[in-house]
Amino acid sequence: MTEWIKAKILKIKKWNHNLFSIILKASISPFIPGQYTKLLLNKDDRIQRAYSYVNSSSNSNLEFYIVLVPNGKMTSFLYNLKVNEEISISKKSFGFFTTREIPKKDILWMFATGTAIGPYLSILQEKKEVFQFKKIVLIYAVRYYEDLNYLYLIKKIQRKYENKFHFISITSRKKNTNSLFGRIPQLIENKLIEKRIGLNITKETSHIMLCGNPEMVKETILLLQKTRNMKKHLRRKPGEITSENYW
């Protein structure tokens, strides 16, 4: 049974009309970067939703990146919260979308769409979580370049890792000179991502993490299985692909 505790709102960042972040303070149990927690709308109707941490595990300020769902009870409630108001949060965190769960490889590829950038930012802010990889590639797909709301943090991470870290942004609705244009599966298929940074996705050297839109995740897994002979990673049966859907 979930143990709920109180969290105080420290800040609400409203990036645009449908993307926002909330920052909370709560005495949760320690979590592993990449995990998620649950927020509770109210105890009467038990409406609850899962959200991944954006903050590192060493940061006591808990941050979540959220898309405002039209007519969504939970996201509308969160969007309209005020500083110092309270909400219920799960004391314990959940999930296995962490680098501690995957085999050691030379290159870690992190693919994200939309608000699914959150768990990667949490992981990358803790250097110890990715020490075993020689190269880390973060690929982040959004509709418009203006939706890259955490670009400032990605650039900070890039400076921390220097030549070990590569970042590619992708836009799908409007072309931008700083980004690739299109969808993740097609950009893997035509090898434009690999050409951009000079690294290859291979079964022998790479592990793939996929987080985001379920269709993107499904298409990319099928493509990697078919063209790169990769398979999904399971605890009992190691593979090269780890995934998590982000609704």
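**A guided look at the strands, pockets and rings**

Guide: Welcome! Let us start at strand β3, residues 36–40, which is joined to β4 by five bridges, the two running antiparallel. Please keep in mind that this is a predicted model.

Visitor: What makes β3 and β4 a pair of strands?

Guide: Two strands pair if DSSP finds at least two bridges between them. Five bridges join β3 to β4, so the two count as paired. You can find one place to look at L40, which stands opposite Q48 in β4.

Visitor: What is the order of the strands in the open sheet?

Guide: The order is β4-β3-β6-β1-β2-β5, six strands in an open sheet with antiparallel pairing. The twist from one strand to the next averages 40°.

Visitor: Why are β4 and β5 called edge strands?

Guide: β4 (48–52) and β5 (61–67) are the edge strands because each pairs on one side only.

Visitor: Let us turn to the pockets. What lines the largest pocket?

Guide: The largest pocket, with a volume of about 860 Å³, is lined by 32 residues, and T113, G114, A141, V142 and R143 lie nearest its centre. β5, β8 (135–142), α4 (184–189) and α6 (214–228) each give at least two residues to this lining. The largest share, three residues, comes from β8.

Visitor: How do you know which class a residue of that lining belongs to, such as A141, R143 or G114?

Guide: Ala counts as nonpolar, Arg as charged and Gly as polar, so A141 is nonpolar, R143 charged and G114 polar. Over the lining of the largest pocket, the split is 16 nonpolar, 10 polar and six charged residues.

Visitor: Which residues are closest to the centre of the second largest pocket?

Guide: They are R49, A50, Y51, Y246 and W247, out of 18 lining residues. This pocket holds about 430 Å³ of space, and the largest share of its lining, four residues, comes from β4. By class, its lining has 10 nonpolar, five polar and three charged residues.

Visitor: Now the rings. Why is the aromatic pair of F97 and Y120 called tilted?

Guide: The ring centres are 5.7 Å apart, and the limit for a pair is 6.5 Å. The planes stand at 55°; under 30 degrees would be stacked and over 60 edge-to-face, so this pair is tilted. F97 is in the loop between β6 (86–90) and β7 (107–113), and Y120 is in helix α2 (residues 118–124), 23 residues apart.

Visitor: How do you know that F97 and Y120 are buried?

Guide: Buried means under 20% relative accessible area. F97 has 1% and Y120 has 0%, so both qualify as buried. Elsewhere, ring pairs link W15, Y65, Y150 and Y152 into a cluster.

Visitor: What makes the phi of E162 worth a look?

Guide: Most residues other than glycine have a negative phi. E162 is not a glycine, yet its phi is positive, about 55°. K191, also not a glycine, has a positive phi of about 65°. E162 sits in the loop between α3 (151–161) and β9 (165–171), and K191 in the loop between α4 and α5 (192–197).

Visitor: Why is E162 called exposed, and why is K191 called partly exposed?

Guide: Exposed means over 50% relative accessible area, and E162 has 58%, so E162 is exposed. K191 has 43%, which lies between 20% and 50%, so K191 is partly exposed.

Key:
Residues are numbered from 1 along each chain as its sequence is written. This is a predicted model: local features need pLDDT of at least 70, side-chain atom pairs count only at pLDDT 80 or more; totals for chains, interfaces and linings use all residues. Side-chain values use heavy atoms; hydrogens and water are left out. Axes are lines fitted to C-alpha atoms, for helices over the stretch in contact, and angles run from 0 to 180 degrees between N-to-C directions. On a 1 Å grid over the protein atoms alone, a cavity is a set of points where a 1.4 Å probe fits but cannot get out, and a pocket is an open set with protein on both sides within 12 Å along at least five of seven lines; lining residues have an atom within 4 Å of a point. Grid points are joined across faces, edges and corners, and a volume is the space filled by probe spheres set on the points. Rings of Phe, Tyr and Trp (its six-membered ring) pair if their centres lie within 6.5 Å; planes under 30 degrees apart count as stacked, over 60 as edge-to-face and the rest as tilted. Buried means under 20% relative accessible area, exposed over 50%, partly exposed in between (1.4 Å probe, protein chains only).
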